[in-house]
Protein chains: 2
Amino acid sequence: MKLATLKNGTRDGQLIVVRRDGMRYVSGAEVAPTLQAVLDDWDNKAPQLEEVSKRLNSGEIEGTEIDFNELLSPLPRAYEWVDGSAFLNHVRLVRKARNAEPPKTLETDPLVYQGGSGVFLAPRDDIPLADEKWGCDFEAEICVYLGDTPQGVKEAEAEKHIRLFTICNDVSLRGLIPPELAKGFGFFTSKPATAFAPFAVTPDELGDAWKDGRLHLYMRSTYNGELVGKVHAGPEMHFSFPRLIEHVCQTRSMTAGTILGSGTISNEDRSAGISCLAERRMIEIIDEGAAKTPFMKPGDTIQIEMFDEAEENLFGTIQQKVIKK
Amino acid sequence: MKLATLKNGTRDGQLIVVRRDGMRYVSGAEVAPTLQAVLDDWDNKAPQLEEVSKRLNSGEIEGTEIDFNELLSPLPRAYEWVDGSAFLNHVRLVRKARNAEPPKTLETDPLVYQGGSGVFLAPRDDIPLADEKWGCDFEAEICVYLGDTPQGVKEAEAEKHIRLFTICNDVSLRGLIPPELAKGFGFFTSKPATAFAPFAVTPDELGDAWKDGRLHLYMRSTYNGELVGKVHAGPEMHFSFPRLIEHVCQTRSMTAGTILGSGTISNEDRSAGISCLAERRMIEIIDEGAAKTPFMKPGDTIQIEMFDEAEENLFGTIQQKVIKK
């Protein structure tokens, strides 16, 4: 099933169930007020929502047409947003861009950072930017919503804790990253609010594309109207989602509704294009000695989406414009 | 007023209002189900709770005796847990302990990290430790609960967004910190679940001790029954809470219920003692060439509390024991 969250004037919005084609919806209010409430009581609520979903997909319920401007991110705020960096081609390129060495454990120990999760942007929200020198960039990623996941869970047991999938734009401020990481405590001001796609979908909606703990589909990024990336999210994800879950649960458990990201989708094959501007800039430096592509400035637009094997827009489109804050 | 959260079988517990002496309480259910619900609608809910608090403190409501084992942390889970490191003596000592330089901007740019906020320990919960080699340590800190705080807020305007105060034990795994920070993305596995004190109190309960954006009281840490620290939390807090708020809101806004920490309370005067074992170990290295004090192992106990000028236990006591996970 596909779930989403409608604006209703509250902080957490109204849970809705979305038709498979992403065109129409029906309220999920009779089952739960919010997506967090569903994740908090998944075993009880999910089967009830599946029933609603079946009736909507069969045409028994007509539903209401979706207005994408009326959707929040599936969880408008979450208890944790933990973001991996599992595509090593991305790690190598962006570290090169800031003259930093990849960690020695790059291939054996997953990189993750703890992101801010109190305020997420909606899928069509503008990206407020106070200072162009901050070097605003998009990052197209896959993410999973977890159920309760115990400390010490192992990779082989981790997949069953994945409840939902979506994609996100993990906005980054490249200019703030080097001084911030130099302080030693990780990102903070260099990671402003993240935006998520309109729909979160259960694993059964992904068919054969979900295998080996990876989502074998292409991430498409369209920047200022130009398709700049059609990047395969499967084979080059060095650490699978279950492996990332084992890593993040090493010393503590995760609560229902924790969001875990893949990191920027990136392929070694340059013809695949990019899922963030920093990679294009690094390639320009390698090939031409200097970066030509500027970071995002007010007026620039970014569109991120993922189509399934039947060419259906799986999660709906993230469509954002940078504005002067 | 003093607020707390009673275990009731739900994830977020039941809001209660606590008598000033910390001995008796009355349910806050008629005003709001949970502390998060209060923070989400502070201007409306806080005055109603103040009324309940007045009636409880005057004796008009008798209330029920508190059983500290029945309390959760005031917010059992939060949308963000952002922890500063504003006591520079602590930063200098722990960096020395791991042969790392303090950042060049130590005195001008606050250090903060984004902590995990999905699962907090209760004030009397055991600390589960899977491996003694991880180097388990306590860290006694002050924290504030914020209301909605906008991006770009300045220090001079920031204090009004502070809703509540408490203290916490920001448990750290010292053995995991150096390899994790070497990866460049901050702590993650090296920061397991944090425990908070029983009570969260409004600023007016602090009297003159709350001034200059700092809480001028002593943090007492009792380790295995021995008072190891009576450390002043005021003058040596290099960055005030309003300054920390300005810093963390530079590029994004904070939602109601965000918790912001001071970092480990630390004084240059050694006779004040410690608020974490890492400092004692570093002092032993400086004085005697080697650390003698081991990190925490199963069976070790830690008690953290803060008394006001009238010698009242302001937030109640954090009282935890390490157990083998």
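This is a short guided tour of a predicted model, with a suggestion at each stop of what to select and a note on what is there.

**The two chains**

Begin by colouring chain A and chain B separately. Chain B can be laid on chain A by a turn of 180 degrees and a shift of 0.0 Å along the axis, and the RMSD is then 0.0 Å. That is the relation of a two-fold axis. To place this axis on the screen, select B:Gly186, whose C-alpha lies 2.0 Å from the rotation axis and comes closest to it of the residues of chain B. Next, look at where the chains touch: 98% of the interface residues of chain B are also interface residues in chain A, so the copies meet through the same surface.

**The largest pocket**

Now select A:Asp40, A:Tyr79, B:Asp12, B:Thr34 and B:Arg77, which are the closest to the centre of the largest pocket among the 22 residues that line it. The space in this pocket comes to about 490 Å³. If you then show helix 1 (35-40) of chain A and helix 1 (35-40) of chain B, you will see two elements that each supply at least two residues of the lining. Colouring the lining by class gives nine polar, eight charged and five nonpolar residues.

**Helix 3 of chain B**

Move on to residues 88-97 of chain B, which form helix 3; seven of its ten residues are buried, so the helix is largely enclosed by the rest of the structure. The buried residues are B:Leu88, B:Asn89, B:His90, B:Val91, B:Leu93, B:Val94 and B:Arg95. Add helix 7 (277-288) of chain B to the view, since the buried residues of helix 3 of chain B pack against it. Just after helix 3, stop at B:Asn99, where the backbone takes a positive phi of about 50 degrees.

**The cysteines**

For the last stop, show the cysteine side chains of both chains. How many disulfides does a search of the whole structure find? Over all chains the search finds zero, and two cysteines can be examined in turn.

Select A:Cys168 together with A:Cys143, which holds the closest cysteine sulfur to that of A:Cys168; the two sulfurs are 3.9 Å apart, too far for a bond, because a disulfide requires them to be within 2.5 Å. A:Cys168 itself counts as buried, with 0% relative accessibility.

Then select B:Cys276, whose sulfur is 12 Å from the closest cysteine sulfur, in B:Cys136, and this is again too far for a bond. B:Cys276 counts as buried, at 0% relative accessibility.

Definitions and conventions
Residues are numbered from 1 along each chain as its sequence is written. Chains are lettered from A and ligands numbered from 1 in the order in which they are written. This is a predicted model: local features need pLDDT of at least 70, side-chain atom pairs count only at pLDDT 80 or more; totals for chains, interfaces and linings use all residues. Side-chain values use heavy atoms; hydrogens and water are left out. On a 1 Å grid over the protein atoms alone, a cavity is a set of points where a 1.4 Å probe fits but cannot get out, and a pocket is an open set with protein on both sides within 12 Å along at least five of seven lines; lining residues have an atom within 4 Å of a point. Grid points are joined across faces, edges and corners, and a volume is the space filled by probe spheres set on the points. Helices (H or I, at least four residues) and strands (E, at least two) are DSSP runs, numbered from the N terminus. Ala, Val, Leu, Ile, Met, Phe, Trp, Tyr, Cys and Pro count as nonpolar, Asp, Glu, Lys and Arg as charged, and the others, Gly among them, as polar. Buried means under 20% relative accessible area, exposed over 50%, partly exposed in between (1.4 Å probe, protein chains only). Contact means heavy atoms within 4.5 Å. Copies are superposed by least squares on the C-alpha atoms of residues with pLDDT of at least 70 in both.
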